[in-house]
Amino acid sequence: MADNNATTPVPPPAAAGAENPVEKSKNADKNEAKRLAKMEKFLAKQKAAAEKTKVAPAANEEKEKKAKPEKAAAAAPEPEFVNTTPKGEKKDMSEPMAATYNPKAVEAAWNDWWEKEGFFEPELTADGQVKSEGLFVIAAPPPNITGSLHTGHALAVSIEDGLARWNRMLGKTVLFNPGTDHAGISAQAVVEKQLWKESKQTRHDIGREAFTNKMWDWKDDFQARINNQVRRLGASYDWTREAFTLSAPLSKAVTETFCRFHEEGIIYRATRLINWCSELNTALSNLEVDNKELTGRTLLNVPGYDVKEKFEFGVLISFAYPVEGSDEKIVVATTRIETMLGDTAVAIHPKDERYKHLHGKFVIHPFSGRRIPIILDDIVVDMAFGTGAVKMTPAHDFNDYEVGKRHNLEFINILNDNGTLNNNCGEFSGMKRFHARVAVLKALKEKGLYVETVDNAMTVPLCSKTGDIIEPLMKPQWWVNCKDMAHDALQAVKDGKLIIKPQTSEREYYRWMENINDWCISRQIWWGHRIPAYFVRFAGEEQDFADGQFWVSGRTEEAARESAQKKFPGKAFTLEQDPDVLDTWFSSGLWPFSIMGWPEKTADFEKFYPTSLLETGWDILFFWVARMVMLGIKLTGQVPFSEVYCHALVRDAQGRKMSKSLGNVIDPIDVIEGISLQALHDKLRVGNLDPREIVKAEQGQKMDFPNGIPECGTDALRFCLGAYSAFGKDINLDIMRVDGYRKFCNKLWNATRFALLKLEDGFLPNATAAKSGRESLAERWILNKLNVAAVELNDQLGQRNFMKATDAIYKFWLYELCDVYIEIIKPITEGSDLVAKRSAQDTLYTCLEAALRMLHPFMPFLTEELYQRLPRRDGDKIPTIVKSPFPVNNPSYIDEQADADFELVFAVVRSGRSLMGDYNMTKGGQIYILGSPEIAKLLKSEEAGIATLTKGSKFCTVISDVAAIPEGCASQTIQEGCTVYLLVKGMVDVDAEVQKIEKKLVKVQKAKDDLLKKTQDVTYLTKVKAEIREMNEAKLKDYEAEIATLTSGIETFMKLK
């Protein structure tokens, strides 16, 4: 259908081999290429003049205003939409459709009505069982309550909700279960920053209880914000089952798991190396550590130090240890010179001839005087690297830790929790660690032990929350032995019980599970599940808090007391609960079954577990997905879901990772509603960004969104994110592409509005969508295409290929239904043949109604709005598109002959368009088709349709006798027995057209000659940069191509004389 008011929407990437049914001619492509080339040149030279082309001269403007007052009225902005529908009530559809699509008006009220009517709750049989069509369950990944959602979350919701709606429309019992995660460290870090910003207080200043209350207030605020966002995104959640990881039911599951695992020995206490953040004073998981790559010497700021101070990283410092009892020295190297205060060995290779005389010897620590053994190790030492001698600091390096265990070395901790050096560091005790870095280097130089400093590429681990430098630190913590659980989780994939898509993610899963380490689950914070473990304290006895034998666990303190009494009969004791909380991933790992009521055997657990699908980002495949699989199999005996789909990461249009400091983090509500650049700037000041980061972020916003973000609406955003989604590829989100899909929504609006006019008031569709047998070729063709789209859409959704799924429905709506069928039936619906008219209307209704249902998983609001405006078939009592049946393969619609026959119609249309383009004809085209008897018979009934699709054509006539063709026609042969003619003689002013082309030819020839002259200058090769020369070569080729096209055009016109 023609849509003169809308800019051409941006199509999704087409599947391989896909093409539009009506192609542009070769000349049209050339003309377009020329136009773009000229426009580029024009903009480069006369950017300021561009605005002038948009405004007509004042006189013309006045004339136009007088001649067409109704156009000026039409251009007036529509009044701001106000939603008057009472909350939970169905929207009134009795008002006429608006002239244009307004996403705000379309999206209003529907979600409240859907929820009130319970459309999103699982539909069961009369006796409360899962329907025979099947079961589909998604435990929605719980977003962190650290802040508002971003476009990465919008992608997840779009995919998950699309699949939930599709399966619901297939008739299945569907549960889409929502919830949020308490996000221990992340949420606490944000609230601590806010507390300091507002009152210059720390959590220790106000105490654990008061701080925890602040955390709950934060949770209530941001949980409400998040819930509003996902509602705006159209998520069809069953809100009656909303869950939160710190709620009482889910906390019960956490406690049960810890106690079971502790009782079985799977959870144990041990002192080991962990990632330590001095700023947060807690252990971190690897996921909470960002790795900064350095290529060499780099000076960095460190949180907790003066902003003017910078410290040296990316270097390798060599120094010497004196060998005991001799004048000899052995040289070692390190990237962290301060850690030499905790060295407890120097390792050499047992076969290294240079050091064989030092086997069994010692070196002397220059500051403490400690004797440090020289050990032999053929695993960690590479004789060819450096001096072949390696210092060992087992208490502060993950590799050295393993060496320390192998050789039973002393583990000396040099750090306090706050990042200062402890009493093991002698003269350096009390110093901040990076001040000590400078001081130790200076002291080594004074002792004559410093050798050299060289650049060294390295990775610096940073806390993702604070930017602090992470330190490996020895700490007594609770650990989970993952080995046996990982084996079972890996076997589930090997056995096909769990499918992971795409394959790259499956390979990553294997890599993690085959090399799994034990999991540290202790966190030294206050927001989270407090560890249900208790230290048994005996009065008057010395006990090691790190020793696991003095610890018991309990589902309640009373249960823990009973365990302690059994373990230590007859002894007097007191219980001290571990002040630490559990790693957030521990509770998140129970999500798919804890939300169903586990450890109780609830009705929900029996019906809806295991779930069907887990959809998430590939970046948390191990940290969350693998742990859910391990814990699910161990605790329930079943994999928690049968399929994992890992979506891409959303980046900005330049391919950069989303970052608040870059200003490119996009709130989906801002895309839905639109927002000005200034409002984007204002939002930066609401959070906890440093003032310097705000300046940087504002610059990023100016670059990415110079005019702010246009109002796109939810449906356009969801459809765009689906169209972007391809296996294994990150998404570089361009907001203007989302805006392109908003124009697609406008196209759908206009098409439906037009179709309803063609159906006319009082139209009652047939009782079924079955064919009548009286369908025209165009009708048979569009029904076949409808079925092709339905089959392709179901297939691609089943394969989780959302790019191809959106492409299938987009192509049907735009290129087949709107651009062809709705156009081709215009003469029929406006004609006098009532039988043909009714048949065309019935087919139009069938296609329109089915196409809305096919589009619903991607565009829930627009499709509901338009579906509710359609008349209903007799007996159709379905209240909402949400519950309508999804189109599937209909064998009766398959019509390969109609497809082939209609392809000939398209070929004629393409030929007609090409001929009119060749002769610059935009109207009054008279087309004659000479065909063999068989072809003439086929095309005769399509004359009106061909004329309609060939824009600017006055009429089309099919003839069988060549003598009937008027003189002065241009022609194109399509195939044997079919030639298309266009009358051009008398329709075109040949001399005028030739003059136009000759003028252009002179200009292009001059531009070519001028450039050629420059390239022939003797200094051209030496003075002009290679990239400029390359550009000039391309320009010359473009000029030559344009000259050839213009010359050919003159020859074409001259043939008419």
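The points below concern a predicted model of a protein and go from its overall dimensions to two local spans.

1. Extent. Along the principal axes, the C-alpha atoms of the protein occupy a box of roughly 115 × 90 × 55 Å. The chain content is 1057 residues, of which buried residues make up 51%.

2. Secondary structure and contacts. The protein has 35 helices and 33 strands. If one takes the contacts between residues at least 6 apart in sequence, 77% of them join residues at least 24 apart.

3. Surface and charge. About 49200 Å² of the protein is exposed, and 51% of that area is supplied by carbon and sulfur atoms. The protein carries 137 positive and 149 negative charges, and the mean positions of these two sets are 4 Å apart.

4. Helix α19. This helix covers residues 621–636. Because 15 of its 16 residues are buried, meaning under 20% relative accessible area, helix α19 is largely enclosed by the rest of the structure. Gly637 comes just after α19 and takes a positive phi of about 80°.

5. Residues 987–1014. UniProt lists this span as "coiled-coil region", in an unreviewed entry. In the model, residues 987–1014 are 89% helix and 0% strand. The end C-alpha atoms of the span lie 43 Å apart. The annotation comes from the UniProt record, whereas the helix content and the end separation are computed from the model.

Note on methods: Residues are numbered from 1 along each chain as its sequence is written. This is a predicted model: local features need pLDDT of at least 70, side-chain atom pairs count only at pLDDT 80 or more; totals for chains, interfaces and linings use all residues. Side-chain values use heavy atoms; hydrogens and water are left out. UniProt positions are given in the numbering used here, feature names are shortened, and annotations may be inferred rather than shown by experiment. Helices (H or I, at least four residues) and strands (E, at least two) are DSSP runs, numbered from the N terminus. Buried means under 20% relative accessible area, exposed over 50%, partly exposed in between (1.4 Å probe, protein chains only). Contact means heavy atoms within 4.5 Å. Accessible areas come from the Shrake-Rupley method with a 1.4 Å probe; for residues, only the protein chains shown count as cover. Lys and Arg count as positive and Asp and Glu as negative; His and the chain ends are not counted. The place of a charge is taken as NZ of Lys, CZ of Arg, CG of Asp or CD of Glu.
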